[in-house]
Amino acid sequence: MTQKQTEGGDVRLTGISKTYGSFTAVHPLDLTVPQGSFFALLGASGCGKTTTLRMIAGLEEATTGTVSLGGRDITDLPPYKRPVNTVFQSYALFPHLDVSENVAFGLRRRGIKSVAKQVGEMLDLVQLGDFARRKPHQLSGGQQQRVAVARALINHPQVLLLDEPLGALDLKLRRQMQLELKRIQTEVGITFVHVTHDQEEAMTMADTVAVMNGGRVEQLGAPADLYENPRTTFVANFLGTSNLIEGQIVSTGTDVVVSAGGGKLGLPGGRCPSSARSGGKVLVGVRPEKISLTHTDDAAAIPDGRNRVTGRITDSSFIGVSTQYVVESPAGTALQVYEQNIERDSRLVPGADVVLHWNPEHTFGLDAAQHIDAGAEGMEEAA
Ligand SMILES: Nc1ncnc2c1ncn2[C@@H]1O[C@H](COP(=O)(O)OP(=O)(O)OP(=O)(O)O)[C@@H](O)[C@H]1O
Ligand SMILES: [Mg+2]
């Protein structure tokens with residue numbers, strides 16, 4: 001299957017929800033997955049990703065709402081009548097069948113006898129042409145995973161659902177397979193809906209990411225847009241790391257001025273929540289890599305117009321491409337700063353007094369009526 005899929009259409013979820021007794025696993029959800037896109041459902045354990053995916057597959061009956069594909073309502077279709085295939089975390093290959101018979105399975109079941117050509121194409125697509133006669137136990141995890149993908153794709157589904165398919169792989173192989181799956185998706189042009197709790201994985205692979213939290217989609221967008229413009233503290237903290245500083249709005253307009261940590265910080269009005277008004281509270285956000293660190297002795301050299309916060313380094317870790325600093329300041333007890341290792345200032349060690357400074361344009365504002373730590377590491381269990 002080297003041709004791009006042209007028929008079919010968008011997957012549309014309308015008011016879809018799932019309750020188990022009195023527990024709501026998925027709150028009424030409206031979601032459109034454009035045809036041919038690579039879509040990721042991202043969220044912590046238990047947030048409702050698998051349940052959502054299973055409702056698309058028809059493996060779980062929706063409590064309310066509808067699922068449609070290309071404008072056709074498929075809510076009441078049994079799983080095997082939906083043009084959808086699923087790849088699960090446990091690949092569930094048939095152990096007694098070799099690779100090519102595993103891939104041929106869907107065709108054989110439909111009574112198709114001459115499978116060689118299609119199986120050959122599929123094995124080429126997942127780059128396993130030389131492994132056709134091996135049994136699953138003679139393959140690595142990544143190779144087994146590719147067999148599972150080929151076995152699903154040979155049925156020409158309109159939509160491929162992937163539930164943590166890389167979960168069992170070690171980090172390096174995961175990275176490799178992320179790029180590999182992305183390549184396959186681009187080549188076949190089928191809609192992929194990929195479930196993961198790994199934010200890097202979602203951002204690497206997907207055109208669009210839906211960030212789920214507690215059975216709801218908190219925000220949906222392109223990876224860079226979600227990263228640069230998080231709208232909730234959960235998204236700001238779950239997708240990478242954010243410094244969130246509590247402040248009070250001094251003035252609004254094209255630029256917003258906030259009083260925070262004993263000083264003033266600026267940010268674009270367009271990056272503030274619509275509820276922002278003078279005198280109100282706001283959370284000022286900035287990503288660690290946007291911040292520069294200057295020793296206090298050199299503070300006079302910092303250009304005008306930058307946001308500044310003074311503090312003291314409490315911790316630093318050298319991780320090769322960057323050094324990650326933790327800074328204690330009136331603006332926050334553990335501000336994170338990532339500095340690229342180009343010219344390292346040997347004075348920047350724990351105990352040093354520093355000025356953190358950054359371009360106000362790189363600052364976002366969030367509604368202060370949220371838990372500041374939502375979605376942060378170690379908060380997932382509590383959430
Ligand atoms: N059959 C069931 N009966 C009762 N509760 C269920 C059932 N299946 C799932 N749940 C609950 O629904 C919630 C969502 O489950 P789901 O499997 O969708 O989470 P998930 O986001 O896929 O998590 P994970 O990353 O751990 O796979 C969880 O709190 C789970 O305990
Ligand atoms: Mg799951």
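This section describes the overall fold, the ligand site, the cores and selected residues of a predicted model.

The chain contains 8 helices and 20 strands. Along the principal axes, its C-alpha atoms fill a box of roughly 80 × 45 × 35 Å. Of the 383 residues in the chain, 49% are buried. The exposed surface of the chain comes to about 18100 Å², and carbon and sulfur atoms supply 49% of that area. Contacts were also sorted by separation in sequence. Among those between residues at least 6 apart, 68% join residues at least 24 apart.

Ligand 1 is surrounded by residues from several parts of the sequence, including Tyr20, Phe23, Ala25, the run from Ala44 to Thr51, and Glu164. By class, this shell holds 5 nonpolar, 5 polar and 2 charged residues. Polar atoms of the protein approach the ligand at several points. On the side-chain side, a polar atom of Thr51 lies 2.5 Å from an oxygen atom of ligand 1, and an N or O atom of Tyr20 lies 3.4 Å from a nitrogen atom of the ligand. Gly46 takes part through its backbone, with an N or O atom 2.7 Å from an oxygen atom of ligand 1. On its own, ligand 1 has 640 Å² of accessible area, of which the protein covers 58%. Two or more residues of the shell come from each of strand E2 (23-33) and helix H1 (49-57). Helix H1 gives the most, with 3 residues.

Helix H2 spans residues 99-109, and its buried residues are Val99, Ser100, Asn102, Val103, Ala104, Gly106 and Leu107. The cover over these buried residues includes helices H3 and H4. At the N-terminal end of H2, Asp98 acts as a cap, with a side-chain oxygen 3.2 Å from the backbone nitrogen of Ser100. Just after H2, Gly111 has a positive phi of about 80°.

Positive phi values also occur outside glycine. Most residues other than glycine have a negative phi. In Gln127, however, phi is near 55°. Gln127 lies in the loop between helix H3 (116-125) and helix H4 (141-153), and with a relative accessible area of 47% it is partly exposed. His156 likewise has a positive phi, of about 50°. The position of His156 is in the loop between H4 and strand E7 (159-163). His156 is partly exposed because its relative accessible area, 38%, falls between the 20% limit for buried residues and the 50% limit for exposed ones.

In soluble globular proteins, nonpolar side chains tend to be buried together. The largest nonpolar core of the model has 49 residues, and the members that touch the most others are Val103, Leu153, Leu160, Phe192 and Val209. Helix H4 supplies the largest share of this core, 6 residues. Val103 is also one of the buried residues of H2. The surroundings of Leu160 were examined with residues up to four places away in sequence left out. On that basis, Leu160 touches Asn85, Val87, Val149, Ala152, Leu153, Ile190, Thr191, Phe192 and Val193. A second, separate core has 25 residues, among them Ile245, Val282, Tyr325 and Trp358.

Ser316 and Thr323 illustrate a pair of residues in contact. Ser316 belongs to strand E16 (residues 307-318), and Thr323 to strand E17 (residues 322-329). Ser316 has a relative accessible area of 29% and is therefore partly exposed. Thr323 has a relative accessible area of 2%, which is under 20%, so this residue is buried. Apart from neighbours within four places in sequence, Ser316 is in contact with Thr323, Gln324, Tyr325 and Pro350. Tyr325 is also a member of the second core. The C-alpha atoms of Ser316 and Gln336 are separated by 9.7 Å, and these residues are 20 apart along the chain.

With residues up to four places away again left out, Thr323 touches Ser316, Ser317, Phe318, Val337, Tyr338, Glu339, Asn341 and Arg344. Among these, Asn341 is joined to Thr323 by a polar contact of 2.7 Å between the two side chains.

Notes
Residues are numbered from 1 along each chain as its sequence is written. Chains are lettered from A and ligands numbered from 1 in the order in which they are written. This is a predicted model: local features need pLDDT of at least 70, side-chain atom pairs count only at pLDDT 80 or more; totals for chains, interfaces and linings use all residues. Side-chain values use heavy atoms; hydrogens and water are left out. Helices (H or I, at least four residues) and strands (E, at least two) are DSSP runs, numbered from the N terminus. Buried means under 20% relative accessible area, exposed over 50%, partly exposed in between (1.4 Å probe, protein chains only). A residue is near a molecule or strand if one of its heavy atoms lies within 4 Å of it. A polar contact is a pair of N or O atoms within 3.5 Å; within protein, one must be able to donate a hydrogen and the other to accept it, and residues adjacent in sequence count only if both atoms are side-chain atoms. Accessible areas come from the Shrake-Rupley method with a 1.4 Å probe; for residues, only the protein chains shown count as cover. Ala, Val, Leu, Ile, Met, Phe, Trp, Tyr, Cys and Pro count as nonpolar, Asp, Glu, Lys and Arg as charged, and the others, Gly among them, as polar. Contact means heavy atoms within 4.5 Å. A nonpolar core is a set of buried Ala, Val, Leu, Ile, Met, Phe, Trp, Tyr and Cys residues joined through side-chain atoms within 4.5 Å.
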